[in-house]
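I opened this notebook to keep track of what I looked up, one topic at a time. Each entry gives the term I needed and then what I found with it.

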Amino acid sequence: MYIKIRVTPDAKVEKLAQKTKDHFTISVREPAERNLANGRVLELVARHFKLPIGKVRMNSGHHSPSKILSVDIGD
């Protein structure tokens with residue numbers, strides 16, 4: 001399953017909001033440097049779907065606020 005993410009790094013409050021079935025907005029406290037924000041996004045998405053972090057991969061948007069992730073939910 002592919003999901004679209006819009007990320008806000010350096011936020012004061014960390015939150016994950018599901019807009020539609022496959023579109024999320026995420027605010028993380030980590031800065032957008034040294035892959036810190038991306039790593040935290042993967043952790044939050046994995047926790048949301050109750051999966052290990054290895055089941056979530058970033059397909060595109062490594063250097064952009066808009067990202068596409070693949071989530072292996074194992075239908």
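The entries below go from the strands to one serine, one ring pair, two loop residues and a pocket.

**Ground rules.** I am working with a predicted model, in which local features need pLDDT of at least 70 and side-chain atom pairs count only at pLDDT 80 or more, while totals for chains, interfaces and linings use all residues. I number residues from 1 along each chain as its sequence is written, and side-chain values use heavy atoms, with hydrogens and water left out.

**Strands.** I took helices (H or I, at least four residues) and strands (E, at least two) as DSSP runs numbered from the N terminus, and I counted two strands as paired if DSSP finds at least two bridges between them. Strand E1 (residues 2–8) runs antiparallel to strand E5 (residues 66–71), and 5 bridges join them. Within this pairing I noted Tyr2 with its partner Ser70, and Lys4 with its partner Ile68. E1 also pairs with E3, this time in the parallel sense and over 5 bridges, with Thr8 standing opposite Ser27 of E3. E5 in turn pairs with E4 in the antiparallel sense over 4 bridges, and there Val56 stands opposite Val71. The hairpin of E4 and E5 has 5 residues between its strands, and in it Gly61 takes a positive phi near 90 degrees.

**The two faces of E1.** In a regular strand the side chains alternate between the two faces of the sheet. For the next step I called a residue buried under 20% relative accessible area, exposed over 50% and partly exposed in between (1.4 Å probe, protein chains only). In E1 I found Ile3, Ile5 and Val7 buried and pointing to one face, whereas Tyr2, Lys4, Arg6 and Thr8 point to the other and are not buried.

**Ser70.** Is Ser70 buried or exposed? Its relative accessibility is 9%, so I entered Ser70 as buried. Leaving out residues up to four places away in sequence, I found that Ser70 touches Met1, Tyr2, Lys55, Val56, Arg57 and Asn59, where contact means heavy atoms within 4.5 Å.

**A ring pair.** Rings of Phe, Tyr and Trp (its six-membered ring) pair if their centres lie within 6.5 Å, and planes under 30 degrees apart count as stacked, over 60 as edge-to-face and the rest as tilted. I counted 1 aromatic pair by this rule. The ring centres of Phe24 and Phe49 are 5.9 Å apart and their planes stand at 70 degrees, so I recorded the pair as edge-to-face. Phe24 is in strand E3 (residues 23–27) and Phe49 in the loop between helix H1 (36–48) and strand E4 (56–60), so that the pair links distant parts of the chain, 25 residues apart. Phe24 is buried at 1% relative accessibility, whereas Phe49 is partly exposed at 22%.

**Two loop residues.** Most residues other than glycine have a negative phi. I therefore noted Asn35, which is exposed with a relative accessible area of 52%; its phi is positive, near 65 degrees, and its place is in the loop between E3 and H1. Lys50, in the loop between H1 and E4, has a positive phi of about 55 degrees and is exposed at 72%.**A pocket.** On a 1 Å grid over the protein atoms alone, a pocket is an open set of points where a 1.4 Å probe fits, with protein on both sides within 12 Å along at least five of seven lines, and lining residues have an atom within 4 Å of a point. H1 gives the most to the lining of the largest pocket, with 3 residues.
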